[in-house]
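Consider the overall build of the protein shown here, and then the empty space left inside the fold.

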Amino acid sequence: MKAVQAQALNSVADYHLVDLPTPEPGPGEVRIKVAACGVGYVDALVSLGRYQVKPPVPHIPGGEAAGVVDAVGEGVSGLAPGDRVMAQVGGGFAEYALARAPAVAKIPDAMSFEAACGFRINYITALHGLRDRGALQPGERLLVSGAAGGVGAAAVQLGKLLGAQVIACASSEDKRAFAQALGADLAIDTAPEGWRDRLKALTEGKGVDVYFDPVCGPLFELAFRSMAWGGRHLVVGFVGGPIPALPANLTLMKGAALVGVDVRQFMLFEARRAQAHLAELLGWVGEGRLAPPVGRVFAFDDFAAALEFALSGQGLGKTVLRVG
């Protein structure tokens with residue numbers, strides 16, 4: 001099979017398209033003929049050795065893919081060759097990839113592989129964050145930073161499905177328009193100067209009840225100071241640069257909570273609940289209530305450009321590498 005592989009993690013130039021043996025599924029494993037692979041910011045960081053956990057080399061990027069089941073290992077039930085699926089995989093930048101059977105889910109007939117390959121992590125993160133950790137209620141005001149990114153876009157859509165008034169926070173007019181096309185009621189820029197006043201005007205002086213924050217950048221403390229009484233600030237990620245700090249007395253003054261949202265540990269420690277979340281989300285897709293957007297799509301040969309683009313933060317939605 002063809003695969004994208006690197007022997008070192010110093011730069012995108014370390015990656016090359018190579019010929020490798022097609023992997024054989026072991027007990028409890030599924031082999032997937034990859035149609036598309038998601039390329040997120042974290043995927044790009046991992047591929048360059050800049051993430052908190054460095055992968056061993058040689059390394060094939062891509063942790064989330066969609067395609068067709070090609071073969072199943074001993075003991076696998078409920079999945080068969082020909083099934084259209086999404087999966088967490090080891091090395092999705094390849095024509096074939098292996099996945100553990102519990103990490104594979106069938107997708108609705110109407111769902112494209114491009115939409116499916118970036119769905120699982122982003123949408124489980126958003127639903128777990130908003131409903132489990134943030135206790136978002138209908139009619140509450142939800143602020144989403146990074147609202148045009150993969151997980152931010154998911155939070156915008158799910159916030160609307162859960163009945164909130166959604167305010168999208170994004171750095172450019174194009175990104176704000178993208179988030180509003182997904183259902184955001186209002187939008188705000190990211191320029192720190194005067195930002196609290198602009199947000200106050202948008203919320204008619206009431207502040208926000210829940211802040212979904214995958215950025216945690218310069219607006220971190222400003223946003224917490226703009227919370228309504230009893231607000232919940234959800235810490236989802238740190239793509240905004242150095243990790244910020246918050247004066248502890250603000251939690252008391254605002255009666256507000258700073259809440260961590262870690263989807264990796266959620267899926268590890270509450271696996272059944274995470275599977276139920278995914279089933280619910282895919283049900284909404286099948287019913288036509290949820291239509292995940294597809295970001296920029298790159299051809300397999302353009303894998304280097306896909307990694308660089310994902311790292312740039314310029315994309316709208318999750319970047320996709322079309323493999324098959």
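**Cavity lining and overall fold**

By class, the lining of the largest cavity comprises 6 nonpolar, 4 polar and 2 charged residues. The model is predicted. The lining residues are Glu114, Ala115, Gly118, Phe119, Asn122, Tyr123, Gly150, Ala153, Pro292, Pro293, Gly317 and Lys318. Two or more of the lining residues come from each of helix 2 (113–116), helix 3 (120–133) and helix 4 (150–161).

How is such a space found? Rolling a probe the size of a water molecule over the atoms shows where empty space is left. With a cut-off of 30 Å³ or more, the count is 1 cavity. The volume of the largest cavity is about 90 Å³.

The cavity sits in a protein with 11 helices and 15 strands. Measures of the whole chain come next. What radius of gyration would a compact globule of 324 residues have? The expected value is near 20 Å, and the protein has 20 Å, so the two agree. Along the principal axes, the C-alpha trace spans about 60 × 40 × 35 Å.

Burial and contacts complete the picture. Of the 324 residues in the protein, 52% are buried, that is, under 20% relative accessible area. Among contacts with a separation of 6 or more, 68% join residues 24 or more positions apart. The exposed area of the protein is about 14,100 Å², and carbon and sulfur atoms supply 53% of that area.

Terms used:
Residues numbered from 1 in each chain as written. Predicted model: local features only at pLDDT ≥ 70, side-chain atom pairs only at ≥ 80, totals over all residues. Heavy atoms only, no water. 1 Å grid on protein atoms, 1.4 Å probe; cavity = no way out; pocket = protein on both sides within 12 Å on 5 of 7 lines; lining within 4 Å. Points joined across faces, edges and corners; volume = space filled by probe spheres on them. Helix = DSSP H or I, 4+ residues; strand = E, 2+ residues; numbered from the N terminus. Nonpolar A, V, L, I, M, F, W, Y, C, P; charged D, E, K, R; others polar. Rg over C-alpha atoms; globule rule 2.2 N^0.38 Å. Buried < 20%, exposed > 50% of the residue type's maximum accessible area, 1.4 Å probe, protein only. Contact = heavy atoms within 4.5 Å. Areas by Shrake-Rupley, 256 points an atom, 1.4 Å probe, with all protein chains shown as cover.
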